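Q: Hi! I've got this structure open and I'd like to talk it through with you. Can we start in the middle and work outwards?

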Amino acid sequence: MLKAILIYGSTTGNTEDLAQSVASGLEEGGVEVAVKNVTAADVGELADYEVVVLGASTWGDGELQDDFVPFYDRMDNLSLAGKKAAAFGPGDKESFPDTFCAAVDMLEEKLEQCGAEISIGPLKIHTETGDEVDDAIRVEARKWALGMARSL
Ligand SMILES: Cc1cc2nc3c(=O)[nH]c(=O)nc-3n(C[C@H](O)[C@H](O)[C@H](O)COP(=O)(O)O)c2cc1C
């Protein structure tokens, strides 16, 4: 069974909520998943997994979620060659049209720089600022992850 690690950074809980659905979809596709808040994760752990999934929300104006910044910086010079990867996260398309889910693009680019193979395009979820993730979004996230699992 393929082993995946899913690491997320979340300020108000939306990315954390999405992470659970993404994990369910991967599991449904036969992938074993370890889910970790980035505050409890270390870059060294990534070596133990064949699949790396990173999730973060976007804050400020196009900035990576705060908790994720040190981990992101520690990924410099990390090799993820031979691993499959993908990125996801929520953002607010209406309030921040120019920087919608910029953090997701940052994560995907970092994974590519580390030599990982992106197995599916990023999942960018629109959430109105202050709103929580709903069931329709959870289903979308789960389907995206199942699609990823099937592409591995
Ligand atoms: C002060 C502030 C700044 C934000 N900046 C952006 C942004 O630049 N781009 C974007 O897509 N979403 C932005 N958002 C929306 C959040 O990313 C969105 O609410 C997200 O669901 C929060 O996820 P989290 O609970 O996992 O942190 C911003 C929200 C706030 C309150």
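Q: Which residues of E6 sit on each side, and are they buried or exposed?
A: Lys 84, Ala 86, Phe 88 and Pro 90 are on one side, and Ala 85, Ala 87, Gly 89 and Gly 91 are on the other. They are all buried, so both faces of E6 are covered. Keep in mind that this is a predicted model.

Q: OK, and how many of the residues in E6 does that make buried?
A: It's 8 of its 8 residues, so E6 counts as mostly covered.

Q: Which strands does E6 pair with, then?
A: I can give you three. Strand E3, residues 51–56, is joined to E6 by 5 bridges, and they run parallel. E6 and E8 pair in the parallel sense too, over 4 bridges. Then there's strand E7, residues 117–118, which pairs with E6 in the parallel sense over 2 bridges.

Q: Could you give me some residues to click on? Which one is the partner of Gly 55?
A: Gly 55 has Phe 88 in E6 as its bridge partner. For E7, look at Lys 84, whose bridge partner there is Glu 117. And for E8, find Pro 90, which stands opposite Ile 125.

Q: Let's stay on E8. Which way do its side chains point?
A: They alternate along the strand, which covers residues 123–126. Leu 123 and Ile 125 point to one face and are buried. Lys 124 and His 126 point to the other face, and these two are not buried.

Q: What's the C-alpha distance between His 126 and Asp 92?
A: Their C-alpha atoms are separated by 5.3 Å, although the two residues are 34 apart along the chain. Asp 92 lies in the loop between E6 and H3.

Q: Why does Asp 92 count as partly exposed?
A: Because Asp 92 has 18 C-beta neighbours inside 10 Å, and buried would need 20 or more while exposed would need 12 or fewer.

Q: New topic: the ligand. How many residues surround it, and which are closest?
A: There are 23 residues around the ligand. The closest are Ser 10, Thr 12, Thr 15, Ser 57 and Gly 91. You've met Gly 91 already, as one of the buried residues of E6.

Q: Which helices or strands supply at least two residues of that shell?
A: Helix H1 (14–28), strand E4 (58–59) and strand E6 (84–91) each do.

Q: And how do the shell residues divide into nonpolar, polar and charged?
A: You get 6 nonpolar, 15 polar and 2 charged.

Q: Back to H1. How does it cross H4?
A: The axes of H1 and helix H4, residues 135–151, come within 7 Å and cross at roughly 40 degrees. That angle makes H1 oblique to H4. The crossing is right-handed.

Q: What's in the loop between E8 and H4?
A: Gly 130 is one of the residues there. Gly 130 counts as exposed because it has 8 C-beta neighbours inside 10 Å. The C-alpha atoms of Gly 130 and Asn 14 are separated by 9.7 Å, with their positions 116 residues apart along the chain.

Q: Which residues have a positive phi without being a glycine?
A: Two examples are Asn 77, with a phi of about 70 degrees, and Cys 101, with about 55 degrees. As background, most residues other than glycine have a negative phi.

Q: Where are those two, and are they buried or exposed?
A: Asn 77 lies in the loop between helix H2 (68–74) and E6. Asn 77 is exposed, because 8 other C-beta atoms lie within 10 Å. Cys 101 is in the loop between E6 and helix H3 (102–113). Cys 101 counts as buried, because it has 25 C-beta neighbours inside 10 Å.

Q: Last one: what about Tyr 8, buried or exposed?
A: Tyr 8, in strand E1 (residues 3–9), counts as buried because it has 29 C-beta neighbours inside 10 Å. The C-alpha atoms of Tyr 8 and Met 106 are separated by 13 Å, and the two residues are 98 apart along the chain.

Key. Residues numbered from 1 in each chain as written. Predicted model: local features only at pLDDT ≥ 70, side-chain atom pairs only at ≥ 80, totals over all residues. Near = placed C-beta within 6 Å. Nonpolar A, V, L, I, M, F, W, Y, C, P; charged D, E, K, R; others polar. Pairing = 2+ DSSP bridges. Axes fitted to C-alpha atoms, helices over the stretch in contact; angles between N-to-C directions. Parallel < 35°, antiparallel > 145°, perpendicular 65-115°, else oblique. Left-handed = near helix turned anticlockwise from the far one by under 90°.
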